[in-house]
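Take a moment to turn the structure around before reading on. The paragraphs below lead you through it step by step, starting with a pair of neighbouring strands.

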Amino acid sequence: MTALSTPIPILDLTSAEFTRAASTHGVAERDALQVYRRFFREGDATAAAERGLPIEVPTAPLVDTLVDTLVDTLGDGAVDGSTRKFILRHDDGLETESVLIPMEHRTGGLSHTLCVSSQIGCAMGCRFCETAQMGLMKHLTPGQIVAQWFAARHVVGQPVKNIVFMGMGEPMDNLDAVLQSIRILTDHNGASIAASNISVSTVGHLEGIARYGAFIEQRGFHRLNLAVSVNAPNDAIRSEIMPINRGAPMARLREALLAFPKRPNAAICIEYVLIPGVNSDPSHADELCEWLRPIRSSLNVIPYNPRRESPWPAPTDEEVDAFVARVQALGQFVKTRRTKGRSVMAACGQLGNAAIRKRRFVGEASLTVGGGEL
Ligand code: SAH
């Protein structure tokens with residue numbers, strides 16, 4: 001195969017990179033831009049075919065969508081209010097899992113947040129998390145991350161407002177690919193997701209937080225968000241449930257967060273998975289708030305979703321309310337992440353559970369859109 005006929009991996013590239021690659025095929029910048037726009041905005045690959053420009057997307061058939069309501073099936077029109085997990089199978093048989101979550105606004109409107117995976121499996125070993133049970137199977141490429149947005153937008157067919165890197169994997173462990181996927185997802189000629197609507201969540205990877213901070217200081221990326229899974233009020237508990245804490249204890253994590261570049265009024269999102277009997281005491285709320293005091297933060301309490309063979313139950317609503325009330329009384333801004341998608345193992349910390357999937361084959365080549373075979 002000559003260089004000229006090598007297909008261009010469009011999902012891996014920004015529009016500038018794509019037009020450069022297209023020029024080696026003799027396609028003018030204006031035409032290449034049109035190809036890129038039609039592909040990302042309309043899911044239409046015909047413009048590439050018309051210009052004889054070979055493009056390639058990772059072949060990742062949508063094999064499964066599981067919806068958190070009994071009535072919805074793919075193809076009969078999306079049920080807007082439902083949380084939907086979808087799965088893309090790669091050539092090597094491994095699968096990404098992504099979750100589309102409806103968000104209701106105070107105004108009554110509805111938009112969708114897409115939760116993407118950055119890895120298949122995860123190496124971090126957090127004891128409460130389902131994904132950790134798989135270990136790390138592979139890092140995703142930028143195109144495999146962007147393919148999750150493409151599938152949500154053009155195969156499942158939902159407009160996506162927000163993207164959170166809160167699916168499988170530790171984004172800071174695969175940061176080059178994550179940053180490139182962010183360049184692509186924010187590209188104005190393509191997906192055009194606002195940087196302010198993208199959040200990267202980390203287990204507290206110090207070097208990754210610093211590198212992400214440096215990335216954010218570049219033009220166009222100032223408004224990207226950081227979320228950190230703290231999940232514990234002190235080192236003893238955190239080291240017990242999150243192995244990363246043994247090498248990167250909470251004092252150093254706090255230094256890293258204080259050094260993170262902030263735009264005025266922006267808060268770092270602090271995630272706290274509330275696990276009964278582990279980190280749910282009133283004294284834990286006090287200790288957590290003390291640790292958080294110097295950081296401009298928004299605390300997000302996530303009721304624990306039991307993983308397979310979980311040693312812990314889910315908290316009751318009363319336990320969640322009591323913890324949140326205590327934190328609030330201490331002056332900390334706090335929200336509760338309402339559990340969505342538990343029935344299809346799509347809730348936080350539940351991705352990667354192959355055993356529980358009820359497979360439903362949706363289409364051999366669902367990423368084949370518009371223009372036929374890619
Ligand atoms: N590795 C990154 C990205 C994953 S985000 C990180 O740790 O931040 C997934 C979020 O779900 C994290 O905040 C994690 O703490 C939380 N989580 C993991 N297991 C969970 C569970 N069983 N119930 C509720 N939340 C969970």
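Two strands count as paired if DSSP finds at least two bridges between them. With that in mind, look at the hairpin of β5 and β6 in this predicted model: five residues sit between its strands, and among them Gly108 takes a positive phi near 95°. Strand β5 covers residues 95-104 and runs antiparallel to β6, joined to it by six bridges. Within this pairing, Leu100 stands opposite Leu114 of β6.

Now stay with β6 and look to its other partner. Strand β9 (residues 162-165) runs parallel to β6, and three bridges join the two. Here Cys115 has Val164 of β9 as its bridge partner. How many of the six residues of β6 are buried? Five are, so this strand, residues 110-115, is largely enclosed by the rest of the structure.

Stepping back, the whole chain has 374 residues, and 56% of them count as buried. Its secondary structure comes to 11 helices and 14 strands. Of the contacts between residues at least 6 apart in sequence, 69% join residues at least 24 apart. On the outside, the chain exposes about 15,900 Å², with carbon and sulfur atoms supplying 51% of that area.

Next, the interior. The largest nonpolar core holds 99 residues, and those touching the most other members are Phe18, Phe128, Trp149, Phe165, Ile182, Tyr212 and Leu257. Helix α4 (residues 142-156) gives this core its largest share, eight residues. A second, separate core has six residues, including Val99, Ile101, Cys115 and Val164. For a closer view of the largest core, pick out Phe18: beyond its neighbours within four places in sequence, its contacts include Ile8, Ile10, Leu13, Ala32 and Val35. Tyr36, Leu53 and Ile55 are also in contact with Phe18.

Leu257, another residue named in that core, leads us to helix α9. In this helix, residues 250-258, the buried residues are Met250, Leu253, Ala256 and Leu257. Why do they line one face of the helix? Seen down the axis of α9, they fall within an arc of 115°, so they share one face. Their cover includes the helices α6 (206-216), α7 (235-241), α8 (244-247) and α10 (282-292), along with the strands β11 (225-229) and β12 (268-274).

The loops deserve a visit too. Between α5 (175-185) and β10 (198-202) lies a loop that holds Asn197. Lys161 is 36 residues away from Asn197 along the chain, yet their C-alpha atoms are separated by 6.9 Å. Asn197 is in contact with Lys161, and also with Asn162, Ile163 and Asn225. Ser192 lies in the loop between α5 and β10 as well, and its phi is near 55°, a positive value in a residue other than glycine. Is Ser192 buried or partly exposed? With a relative accessible area of 38%, Ser192 is partly exposed. Asn231, in the loop between β11 and α7, has a positive phi of about 65° although it is not a glycine. At 2% relative accessibility, Asn231 counts as buried.

Finally, a word on confidence. The chain has a mean pLDDT of 86, and 84% of its residues reach 70 or more. Over residues 68-80, however, pLDDT stays under 50, and the model has 29 contacts beyond four places in sequence for them. Residues 355-374 have pLDDT below 50 too, with 54 contacts in the model beyond near neighbours in sequence.

How values were computed: Residues numbered from 1 in each chain as written. Predicted model: local features only at pLDDT ≥ 70, side-chain atom pairs only at ≥ 80, totals over all residues. Heavy atoms only, no water. Helix = DSSP H or I, 4+ residues; strand = E, 2+ residues; numbered from the N terminus. Buried < 20%, exposed > 50% of the residue type's maximum accessible area, 1.4 Å probe, protein only. Contact = heavy atoms within 4.5 Å. Areas by Shrake-Rupley, 256 points an atom, 1.4 Å probe, with all protein chains shown as cover. Arc of directions from axis to C-beta. Core = buried A, V, L, I, M, F, W, Y, C linked by side-chain atoms within 4.5 Å. pLDDT = per-residue confidence, 0-100.
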